[in-house]
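With the model open in your viewer, please follow the selections below in order, keeping side chains displayed as sticks and the backbone as a cartoon.

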Amino acid sequence: MRLTPWAKRNVMKKLFGLVNKVIVLLSETPLHRLFSHQVMVLRFSGRRSGRPYAIPVSYGLDGTTGTVTCMTDVSGVWWKNLLAVDSIEITLKGVRLTVLTRVEATDEKAIRHALAGFCRRSRISAFFAGVSMVRGEPVSRDLEAAAAKHVLIELSDESER
């Protein structure tokens, strides 16, 4: 039996939904070590509904500034909740922290730079972003096209304010 593209997307959406729930549940237990080297959980409230959200995302950590970055597809809607807040909670490596947020949706150069770093660190990130890799480097035209479809989220220590 062959699945239609719509059916495949539906199956993947349900599978990711289940995996995301498991990651959120395990994120503050000792089992966080299974994934916390690459995945953290963003925790925030919906800007209109007030509904609590917990979203697992891949992340990168800038060792010099301590800034944590994550990216998402611009077509998703959850990131828009971060536009109206100064800070959110995250669970990073098993620890819940309050961090300042900055969302970058228009500076394609900054998005492209951050996305290139994600792709270099993780071929899985490159795959999901639609970026081909050649000898460990992202293909420029793929990177440019992907950057136009992504949003960069920067998180920094609340004590820096």
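Begin by selecting arginine 102, which in this predicted model is partly exposed, with a relative accessible area of 39%. Add glutamate 104 to the selection, and the two side chains are found to meet in a salt bridge, with an N to O distance of 3.1 Å. The acidic partner, glutamate 104, is buried, its relative accessible area being 11%, and it falls in that class because the value lies under 20%.

Next, select Glu28, Arg43, Glu89 and Arg96 together, since salt bridges that share partners join these four residues into one network. A search of the whole structure gives six salt bridges, and two of those within this group can be examined one at a time.

For one of them, keep glutamate 28 and arginine 43 in view: their side chains form a salt bridge at 3.9 Å, N to O. This pair connects distant parts of the chain, 15 residues apart, with glutamate 28 in the loop between α1 (5–26) and β1 (39–45) and arginine 43 in strand β1 itself. Which of the two classes, buried or partly exposed, applies to arginine 43? Arginine 43 is buried, with a relative accessible area of 14%, whereas glutamate 28 is partly exposed at 38%.

For the other, move to arginine 96 and glutamate 89, which form a salt bridge whose closest N and O atoms are 3.0 Å apart. Here arginine 96 is partly exposed, with a relative accessible area of 41%, and glutamate 89 is likewise partly exposed, at 32%.

Now leave the charged side chains and select strand β4, residues 68–73, which is mostly covered, five of its six residues being buried. Which strands can be displayed beside β4? Strand β3, residues 60–61, pairs with β4 in the antiparallel sense over two bridges, and strand β9, residues 150–157, also runs antiparallel to β4 and is joined to it by six bridges.

To inspect the pairing with β3, select leucine 61 and valine 68, the latter being the bridge partner of leucine 61 in β4. Then follow the backbone through the hairpin of β3 and β4, where six residues lie between the strands, and stop at glycine 66, which takes a positive phi near 80 degrees.

To finish, turn to the pairing with β9 by selecting threonine 69 together with glutamate 154, its bridge partner in β9.

Methods. Residues numbered from 1 in each chain as written. Predicted model: local features only at pLDDT ≥ 70, side-chain atom pairs only at ≥ 80, totals over all residues. Heavy atoms only, no water. Helix = DSSP H or I, 4+ residues; strand = E, 2+ residues; numbered from the N terminus. Buried < 20%, exposed > 50% of the residue type's maximum accessible area, 1.4 Å probe, protein only. Pairing = 2+ DSSP bridges.
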